[in-house]
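Subject: A structure for you to look at

Hello,

I am handing over the structure we talked about, and my notes follow below it. Have a look through it first, then read on.

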Amino acid sequence: MKKFIFLLSIISVLFCSVSIDAKKKSNVLSLKDKKVEVFLKSGEKVTGTCLSELFLSRMENVKIKADGKGKVKYKSTEVDSIVFDKTQTINKARWVFEPKKVQRWAQFDKYFKTPVFLLRIYTGNMIVGYQSHFNEGSNAGGYSTAEKETFHYYYQLKGIGLPQCYWQKSDGNMLELVWLKNQFKNFPGVVKEINNARLSKSEIDDNPEMLLPLIDRGMQN
């Protein structure tokens, strides 16, 4: 009986630890209540406090408490960029979100009709890199599955086309290296760069951003 109680105690401690870690993770990623600048396509700049979880959800609009205006909401089609100063972010870097049309699933070419806000994570000579982080669920045979946390990583040729998802990782299935290279079948220079880097799937999962300089360099060859 004592062993059973001891085992239950250990399980309870572990559960609490995981819950606290998850809560900490959410707090770390949250941009809600942070100071923000919203640059509109009309040329107007609005400053205030962000009321939307831009990094935790697939957002098609942004709500802010604007200085001197109160609460306002802007559609993604009205926004040019959303900027958080480095004093507001966890890594002390300037975070810029831009509205972009993205794929419904990484493996398919169907796009959402309305742009969503993506975090810009890389600017190179040929491409711009973006990241999105959200929870998504699937629907198969009329039955919805539980949501899973998903990170998508995109590249976009400067001034051309729409962002293309080059990597996806989640708490469920993850993409494979074969799929990654197949995305660049029309860009042999990129495939060469990826092959030369000799990266494993686990290394890419740990840091998908490391592929962006390789993609950028390969596009130039």
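What is the volume of the largest cavity? It comes to about 60 Å³. Of the 13 residues that line this cavity, the closest to its centre are Leu 54, Ser 57, Phe 117, Ser 132 and His 133. Two elements, β7 (116-123) and β8 (127-136), give two or more residues each to the lining. By kind, the lining of the largest cavity divides into 8 nonpolar residues, 4 polar and 1 charged. As for the count, there is 1 cavity of 30 Å³ or more.

Before going further, please keep in mind that this is a predicted model.

**Salt bridges**

Searching the whole structure gives 5 salt bridges. Here are three to look up.

One of them joins the side chains of Arg 120 and Glu 98, with 2.6 Å from N to O. This pair links distant parts of the chain, since Arg 120 sits in strand β7 and Glu 98 in strand β6, 22 residues apart. The two partners can be told apart by their accessibility: Arg 120 is partly exposed at 31% relative accessibility, while Glu 98 is buried at 12%.

Another salt bridge is formed by Glu 193 and Arg 217, whose closest N and O atoms are 3.2 Å apart. Glu 193 belongs to helix α3 and Arg 217 to helix α5 (residues 211-219), so this pair ties together parts that are 24 residues apart in sequence. Glu 193 is buried, with a relative accessible area of 14%, whereas Arg 217 is partly exposed, with 40%.

The next one, between Asp 205 and Lys 201, also has its closest N and O atoms 3.2 Å apart. These two residues are both in helix α4, and because they are 4 residues apart there, about one helical turn separates them. Asp 205 is buried, with a relative accessible area of 11%, and Lys 201 counts as partly exposed at 22%.

**Helix α3 and what follows**

Helix α3 is worth a visit of its own. Its buried residues are Gly 189, Val 190, Val 191, Glu 193 and Ile 194. What do these buried residues pack against? They pack against α2 (177-182) and α5.

Glu 193, the α3 partner in the salt bridge with Arg 217, has several contacts beyond its neighbours within four places in sequence: Leu 214, Arg 217, Gly 218 and Asn 221.

Just after α3 comes Arg 198, which takes a positive phi of about 55 degrees, although this residue is not a glycine. Arg 198 lies in the loop between α3 (188-197) and α4 (201-206). Is Arg 198 buried or exposed? At 74% relative accessibility, Arg 198 counts as exposed.

Lys 92 also has a positive phi of about 55 degrees without being a glycine. You will find Lys 92 in the loop between β5 (79-84) and β6 (95-100). Lys 92 is exposed, with a relative accessible area of 56%.

**Aromatic pairs**

How many aromatic pairs does a search of the whole structure find? The search finds 4. Among them is the pair of Phe 55 and Trp 95, which is tilted, with 5.6 Å from centre to centre and 50 degrees between the planes. Phe 55 is in the loop between β2 (45-50) and β3 (61-66) and Trp 95 is in strand β6, so the pair ties together parts that are 40 residues apart in sequence. Both partners are on the buried side of the cut-off, which is under 20% relative accessible area: Phe 55 has 5% and Trp 95 has 9%.

Phe 84 and Phe 97 make an edge-to-face pair, 6.0 Å centre to centre and with 75 degrees between the planes. Phe 84 lies in strand β5 and Phe 97 in strand β6, so here the parts tied together are 13 residues apart in sequence. Phe 84 is buried, and Phe 97 is buried too.

**Where to start**

If you would like a first stop, try strand β6: Glu 98 is there with its salt bridge partner Arg 120 in β7, and Phe 97 is there with its aromatic partner Phe 84 in β5.

Happy browsing, and best wishes!

Note on methods: Residues are numbered from 1 along each chain as its sequence is written. This is a predicted model: local features need pLDDT of at least 70, side-chain atom pairs count only at pLDDT 80 or more; totals for chains, interfaces and linings use all residues. Side-chain values use heavy atoms; hydrogens and water are left out. Buried means under 20% relative accessible area, exposed over 50%, partly exposed in between (1.4 Å probe, protein chains only). Contact means heavy atoms within 4.5 Å. On a 1 Å grid over the protein atoms alone, a cavity is a set of points where a 1.4 Å probe fits but cannot get out, and a pocket is an open set with protein on both sides within 12 Å along at least five of seven lines; lining residues have an atom within 4 Å of a point. Grid points are joined across faces, edges and corners, and a volume is the space filled by probe spheres set on the points. Ala, Val, Leu, Ile, Met, Phe, Trp, Tyr, Cys and Pro count as nonpolar, Asp, Glu, Lys and Arg as charged, and the others, Gly among them, as polar. A salt bridge is a side-chain nitrogen of Lys or Arg within 4 Å of a carboxyl oxygen of Asp or Glu. Rings of Phe, Tyr and Trp (its six-membered ring) pair if their centres lie within 6.5 Å; planes under 30 degrees apart count as stacked, over 60 as edge-to-face and the rest as tilted.
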